[in-house]
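Let's take a friendly walk through some side-chain contacts. Have a look at the sequence and the structure below, and then we can start.

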Amino acid sequence: MDERFPDEFVTWHHKTFVGIKVDEVFGMDSKNGQVWTELARQIFCEQGENYKVIDHFENGAPYLEGYPGRISLTHTTHFFAVATLPKTPEVNLDSFNPRASMGIDAESLERTQVLKVRNKFLSDKELELVPEENIKANIIAWTSKEALYKAALTPGMDFRENIRITKLPELQNDPVKAKAVCLGEAEILFPEETGNGIQAMNLFSYESYGCCVTIAFSPKCAKFGK
């Protein structure tokens with residue numbers, strides 16, 4: 001989506017190839033910062049038959065009041081998105097559970113600053129996996145790490161030590177039409193006291209409104225059917 005919308009918001013509600021729903025709000029390029037973010041959040045909450053209320057658990061994880069399913073939020077310049085899993089009333093959403101493990105993150109594909117900090121969020125093996133001068137690959141890696149951190153629901157995890165990318169996802173032009181070969185792979189190494197051990201995760205990345213959007217999810221998590 002390369003078209004810009006300086007004076008209006010655009011919303012897009014879609015289901016991704018991996019069975020996770022995403023609501024996107026973008027545009028209104030004439031406004032910036034916190035004002036833009038609050039307006040985009042309001043637009044999302046007003047979509048649908050009933051007004052949606054976003055709240056947060058003590059660990060910072062967001063949830064929708066009255067909806068027993070995992071959600072994850074992300075926003076960057078002129079782009080806001082909410083990813084949603086199906087209802088899992090059997091799961092406590094304020095702690096990690098593979099059945100509801102999912103996170104989303106987005107970043108502009110033009111954000112070259114990520115190259116300057118790659119040594120801080122990539123391990124030695126990951127530095128070999130992600131080409132140093134490839135901006136797109138580094139942004140995919142950065143959004144993957146952020147999405148995995150959100151999916152872990154465990155504050156204080158180290159990006160280099162506790163979150164490992166073993167296969168970088170391929171950036172897709174269409175979040176709905178894709179093939180399994182595009183998926184990335186990762187591991188989350190939880191602290192021993194959590195009892196969660198090492199959890200295998202998948203990564204799915206696509207382009208929207210000039211941004212790389214990455215979803216991290218457990219292969220065991222609930223998904224919407226076709």
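Is R4 buried, exposed or partly exposed? R4 is partly exposed, with a relative accessible area of 40% (buried means under 20% relative accessible area, exposed over 50%, and partly exposed in between, using a 1.4 Å probe and protein chains only).

A word on the model: it is predicted, so local features need pLDDT of at least 70 and side-chain atom pairs count only at pLDDT 80 or more, while totals for chains, interfaces and linings use all residues. Residues are numbered from 1 along each chain as its sequence is written, and side-chain values use heavy atoms, with hydrogens and water left out.

**Charged partners**

Side chains of opposite charge can pair when their charged atoms come close. The structure holds six salt bridges (a salt bridge is a side-chain nitrogen of Lys or Arg within 4 Å of a carboxyl oxygen of Asp or Glu). The table shows three of these salt bridges, including the one made by R4.

| Salt bridge | N to O distance |
|---|---|
| D29 and R4 | 3.1 Å |
| D105 and K150 | 3.3 Å |
| R111 and E107 | 3.7 Å |

The D105 and K150 pair links distant parts of the chain, 45 residues apart: D105 lies in strand β7 (residues 102-108) and K150 in helix α4 (residues 135-152). Helices (H or I, at least four residues) and strands (E, at least two) are DSSP runs, numbered from the N terminus. D105 is buried at 7% relative accessible area, whereas K150 is partly exposed at 25%. In the pair of R111 and E107, R111 is partly exposed at 39% and E107 is buried at 11%.

**Aromatic partners**

A search of the whole structure finds 13 aromatic pairs (rings of Phe, Tyr and Trp, the last by its six-membered ring, pair if their centres lie within 6.5 Å; planes under 30 degrees apart count as stacked, over 60 as edge-to-face and the rest as tilted). One of them is the tilted pair of F96 and F190, with 4.6 Å centre to centre and 50 degrees between the planes. These two residues are 94 residues apart along the chain. F96 is buried at 11%, and F190 is buried at 8%.

Ring pairs also link F5, F26, F79 and Y209 into a cluster. Here R4 returns: its charged end sits over the ring of Y209, 3.9 Å from the centre (this needs NZ of Lys or CZ of Arg within 6 Å of the ring centre and within 35 degrees of the ring normal). The charged end of K21 sits over the ring of F224, 4.2 Å from its centre.
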